[in-house]
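I opened this notebook to record what I looked up in one structure. My topics were salt bridges, the nonpolar core and a pocket.

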Amino acid sequence: VKLGGLRLKQNALDKLDLPFRIFAGYLDNFSMKVPWSNLYTDPVIADISGVYIVAGPASAVRYDAETDLREQRETKEKQLKWVDETKKKSEVKENTPVEEAPGYVEKLVTQIVKNLKVKVKNIHIQYEDSVSNPSSPFSFGVSLDSLTMENTGSAYDSEGTSVDPDTSLIYKLLQLNCLSV
């Protein structure tokens, strides 16, 4: 899967209730390589490059009553839907015997997470604040050349180590290059 030239929505992080908001954002490239024939042994590789974000305090956003009301209504509808689905699932679970061992899907998802390899390149984030102290606005930026996370052995060598499905101990190597503020 490859995606490029993506614009980030301004409300992308609203559900997290963070004290900041995205004013503008752009993602050059997102790709994910999934080895469908060898999911248990080969890594799933997520590659992200060219992330550019301008953010600021959430209070800098103008309040729109209609948008707020619509978002509240959507949230309530989602919550009601979730409650209904949970009730249905609990009724189904009551009628089925309890499994003690993890199933195929659970084992597969666990193994995919164990084998996950992430590469992130060229991240630029700028924070602009003219609300906290209007007489003295400020901005700062964070830049990151690359961040990689991959499986490794106990000696932390990054030579294509695959994770044994039966092991509970996983070694990951996280490399961070050229972080600047």
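**Entry 1: a salt bridge within a helix.** I worked from a predicted model. I began with Glu-74, whose relative accessible area is 37%. Buried means under 20% and exposed over 50%, so I entered Glu-74 as partly exposed. I then looked up its partner and found that the side chain of Glu-74 meets that of Arg-70 in a salt bridge, at 4.0 Å from N to O. Arg-70 has a relative accessible area of 43%, and I therefore entered Arg-70 as partly exposed too. I noted that both residues belong to helix 1, which covers residues 65-95. They are four residues apart there, about one turn of the helix.

**Entry 2: a salt bridge between strands.** How many salt bridges does the count come to? I recorded two. Besides the helix pair, I found Glu-150 bridged to Lys-117, with the closest N and O atoms 3.5 Å apart. This pair links distant parts of the chain, since Glu-150 lies in strand 5 (residues 138-151) and Lys-117 in strand 4, 33 residues apart. Is Glu-150 buried or exposed? Its relative accessible area is 14%, so I entered Glu-150 as buried. Lys-117, at 21%, is partly exposed.

**Entry 3: the nonpolar core.** I next looked up the largest nonpolar core and listed its 10 residues: Ile-22, Leu-27, Val-51, Ile-53, Ala-55, Val-118, Val-120, Ile-123, Tyr-127 and Leu-144. Strand 2 (20-33), strand 3 (45-57) and strand 4 (117-129) each supply at least two of these residues. Which strand gives the largest share of this core? I found that strand 4 does, with four residues. I also noted a general rule: in soluble globular proteins, nonpolar side chains tend to be buried together.

I then took Val-51, one of the core residues, and looked up its contacts. Leaving aside neighbours within four places in sequence, Val-51 is in contact with Tyr-26, Leu-27, Lys-121, Asn-122, Ile-123 and His-124. Leu-27 and Ile-123, both in that list, are also members of the core.

**Entry 4: the second largest pocket.** I recorded about 260 Å³ of space in the second largest pocket. Its lining includes Asn-11, Ala-12, Asp-14, Lys-15 and Asp-17, and also Asp-68, Glu-71, Gln-72, Thr-75 and Lys-78. Arg-70 and Glu-74 line this pocket as well, and these two form the salt bridge of my first entry. By class, I noted eight charged residues, three polar and one nonpolar in the lining.

Definitions and conventions: Residues numbered from 1 in each chain as written. Predicted model: local features only at pLDDT ≥ 70, side-chain atom pairs only at ≥ 80, totals over all residues. Heavy atoms only, no water. 1 Å grid on protein atoms, 1.4 Å probe; cavity = no way out; pocket = protein on both sides within 12 Å on 5 of 7 lines; lining within 4 Å. Points joined across faces, edges and corners; volume = space filled by probe spheres on them. Nonpolar A, V, L, I, M, F, W, Y, C, P; charged D, E, K, R; others polar. Core = buried A, V, L, I, M, F, W, Y, C linked by side-chain atoms within 4.5 Å. Buried < 20%, exposed > 50% of the residue type's maximum accessible area, 1.4 Å probe, protein only. Helix = DSSP H or I, 4+ residues; strand = E, 2+ residues; numbered from the N terminus. Contact = heavy atoms within 4.5 Å.
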